Amino acid sequence: SKDNMALWRVINTPSRGIGLKTQERLESIAKEVKKSPFEVMGDDSLVSSLGEREKQAVKKFVDKIQKLKDRILHR
């Protein structure tokens with residue numbers, strides 16, 4: 001979907017350590033559980049199959065997006 005394409009574009013600009021294989025894995029998990037890839041990224045139990053480095057990169061990205069969201073909503 002367009003939303004998923006936008007997510008992958010944001011993830012990679014600048015590079016955030018979430019490579020193509022990790023993106024493919026997140027997309028696969030999302031399809032399995034019928035959630036968006038971003039919802040999967042925010043659920044520790046769903047990203048548990050990723051490697052430690054990938055989990056940390058995903059967590060860092062989700063935290064950054066959440067902080068930006070909070071800042072916008074609480075102006």
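A residue is called buried when its relative accessible area is under 20%, exposed when it is over 50%, and partly exposed in between. The model shown in these views is predicted.

**View A. The whole protein chain, with its four helices.** The chain contains four helices and zero strands, in the order α-α-α-α along the sequence. A box of roughly 35 × 25 × 25 Å, taken along the principal axes, holds the C-alpha atoms. The radius of gyration is 12 Å, which agrees with the value near 11 Å that a compact globule of 75 residues would have. Of the 75 residues, 29% are buried. Among contacts between residues at least 6 apart in sequence, 40% join residues at least 24 apart.

**View B. The surface and charges of the protein chain.** The chain exposes about 5600 Å². Carbon and sulfur atoms supply 55% of that exposed area. The chain carries 17 positive and 11 negative charges. The mean position of the positive charges lies 6 Å from that of the negative charges. Side chains of opposite charge can pair when their charged atoms come close. Four salt bridges are found in the whole structure; the next views show some of them.

**View C. The salt bridge between R25 and E32.** The side chains of these residues meet with an N to O distance of 3.9 Å. How accessible are the partners, R25 and E32? E32 counts as exposed because its relative accessibility is 55%, over the 50% cut-off. R25, at 32% relative accessibility, counts as partly exposed.

**View D. Two salt bridges in helix α4.** Helix α4 covers residues 52-73. One of the bridges joins the side chains of K55 and E52, at 3.5 Å from N to O. Why are K55 and E52 separated by about one helical turn? The reason is that they are three residues apart in helix α4. K55 is partly exposed, with a relative accessible area of 24%. In the other bridge, D63 pairs with K59, and their closest N and O atoms are 3.1 Å apart. D63 and K59 are four residues apart in helix α4, about one turn of the helix. K59 has a relative accessible area of 43% and is partly exposed. D63 is partly exposed as well, with a relative accessible area of 32%.

**View E. The buried residue T22 and its contacts.** T22 lies in helix α2, which covers residues 20-33. Its relative accessibility is 9%, so T22 counts as buried. Which residues does T22 contact, leaving aside its neighbours within four places in sequence? They are L50, E54 and V58.

**View F. The buried residue Q23 and its contacts.** Q23 is placed in helix α2. With a relative accessible area of 7%, Q23 is buried. When its neighbours within four places in sequence are left aside, Q23 is in contact with W8, I11, N12 and I18.

**View G. E39 and D43, each shown with V62.** E39 belongs to helix α3. At 45% relative accessibility, E39 counts as partly exposed. Along the chain, E39 and V62 are 23 residues apart, and 9.4 Å separates their C-alpha atoms. D43 sits in the loop between α3 (37-41) and α4. The relative accessible area of D43 is 23%, so D43 is partly exposed. From D43 to V62 there are 19 residues along the chain, and the distance between their C-alpha atoms is 9.9 Å.

**View H. E24 and I72, 48 residues apart along the chain.** E24 is a residue of helix α2. Is E24 buried, partly exposed or exposed? E24 counts as partly exposed, because its relative accessibility is 47%, a value between the cut-offs of 20% and 50%. The C-alpha atoms of E24 and I72 are separated by 30 Å.

Notes
Residues are numbered from 1 along each chain as its sequence is written. This is a predicted model: local features need pLDDT of at least 70, side-chain atom pairs count only at pLDDT 80 or more; totals for chains, interfaces and linings use all residues. Side-chain values use heavy atoms; hydrogens and water are left out. The radius of gyration is taken over C-alpha atoms; the globule rule is 2.2 Å times the number of residues to the power 0.38. Buried means under 20% relative accessible area, exposed over 50%, partly exposed in between (1.4 Å probe, protein chains only). Contact means heavy atoms within 4.5 Å. Accessible areas come from the Shrake-Rupley method with a 1.4 Å probe; for residues, only the protein chains shown count as cover. Lys and Arg count as positive and Asp and Glu as negative; His and the chain ends are not counted. The place of a charge is taken as NZ of Lys, CZ of Arg, CG of Asp or CD of Glu.
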